[in-house]
Amino acid sequence: MIQFKLKNLPSINTNWWKPTQRQWAPKLLEDQKPFWKQERDPTTSEPWKKLSPDYKAWKDKKYPGQPILRATGRMQDTAKILPWQQGFKVESTSYGAYNQFGTSRMPARPWMGIPPESLGQLGRIAFKNIFFSRKRKRK
């Protein structure tokens with residue numbers, strides 16, 4: 001039998017996901033904001049569906065100059081992305097979900113997602129937490 005003894009292997013933190021979630025969540029929320037200004041789906045970069053003519057006329061009168069998914073600003077201003085189980089959850093207004101997924105009367109206008117730019121951040125944050133975390137377990 002051949003045995004190997006390897007030296008200078010990095011210590012690996014096997015509990016890397018929870019700190020990665022905590023560090024990535026606020027960055028992920030910040031990454032949404034440019035897409036809101038551009039009126040685009042953060043995941044696909046597809047433009048949001050236009051407002052119906054009647055609703056657009058009402059909104060332009062009541063909230064002049066506001067983009068498609070912004071009237072008072074409450075939905076986006078109160079939005080949070082939080083670590084949840086093995087993933088994340090979005091907390092916002094109840095109508096945030098209607099905009100994200102649509103209804104029988106309104107098309108979906110996804111305003112939350114994982115932009116491609118965010119995936120690169122996830123890799124860097126995870127790498128740091130796997131190999132450079134204070135709580136390391138040696139194998």
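How exposed is Glu30 by relative accessibility? Glu30 reaches 45%, so it counts as partly exposed. That value falls between the 20% cut-off for buried and the 50% cut-off for exposed. The model is predicted.

## Overall fold

The protein holds five helices and two strands. Along the sequence the order is α-α-α-β-β-α-α. Three helices therefore precede the two strands, and two helices follow them.

Contacts in the protein with a separation of 6 or more were sorted by sequence distance. Residues 24 or more positions apart supply 62% of them.

## Surface and burial

The protein has 139 residues. Of these, 32% count as buried.

The accessible surface is about 10,200 Å². Carbon and sulfur atoms make up 56% of that area.

## Salt bridges within helices

The structure contains four salt bridges. One of them joins Glu30 to Lys33. The closest N and O atoms of this pair lie 2.8 Å apart. Both residues sit in helix α1, which covers residues 17–38. They are three residues apart there, so about one helical turn separates them. Lys33 has a relative accessible area of 32%, which makes it partly exposed. Its partner Glu30, at 45%, is also partly exposed.

Another salt bridge links Asp60 with Lys56. Here the closest N and O atoms are 2.8 Å apart. Helix α2, residues 53–62, carries both side chains. Asp60 and Lys56 are four residues apart in the helix, and therefore about one helical turn separates them. Asp60 is partly exposed, at 36% relative accessible area. Lys56 is partly exposed too, at 40%.

## The Arg70–Asp77 pair

Arg70 forms a salt bridge with Asp77. The closest N and O atoms are 3.1 Å apart. That lies within the 4 Å cut-off, so the pair counts as a salt bridge.

How do the two ends sit relative to the surface, buried, partly exposed or exposed? Arg70 has a relative accessible area of 23%, so it is partly exposed. Asp77 has 54% and is exposed. The cut-off for exposed is over 50%, which is why Asp77 falls in that class. Arg70 stays above the 20% limit for buried.

Technical notes
Residues numbered from 1 in each chain as written. Predicted model: local features only at pLDDT ≥ 70, side-chain atom pairs only at ≥ 80, totals over all residues. Heavy atoms only, no water. Buried < 20%, exposed > 50% of the residue type's maximum accessible area, 1.4 Å probe, protein only. Contact = heavy atoms within 4.5 Å. Areas by Shrake-Rupley, 256 points an atom, 1.4 Å probe, with all protein chains shown as cover. Salt bridge = Lys/Arg side-chain N within 4 Å of Asp/Glu carboxyl O.
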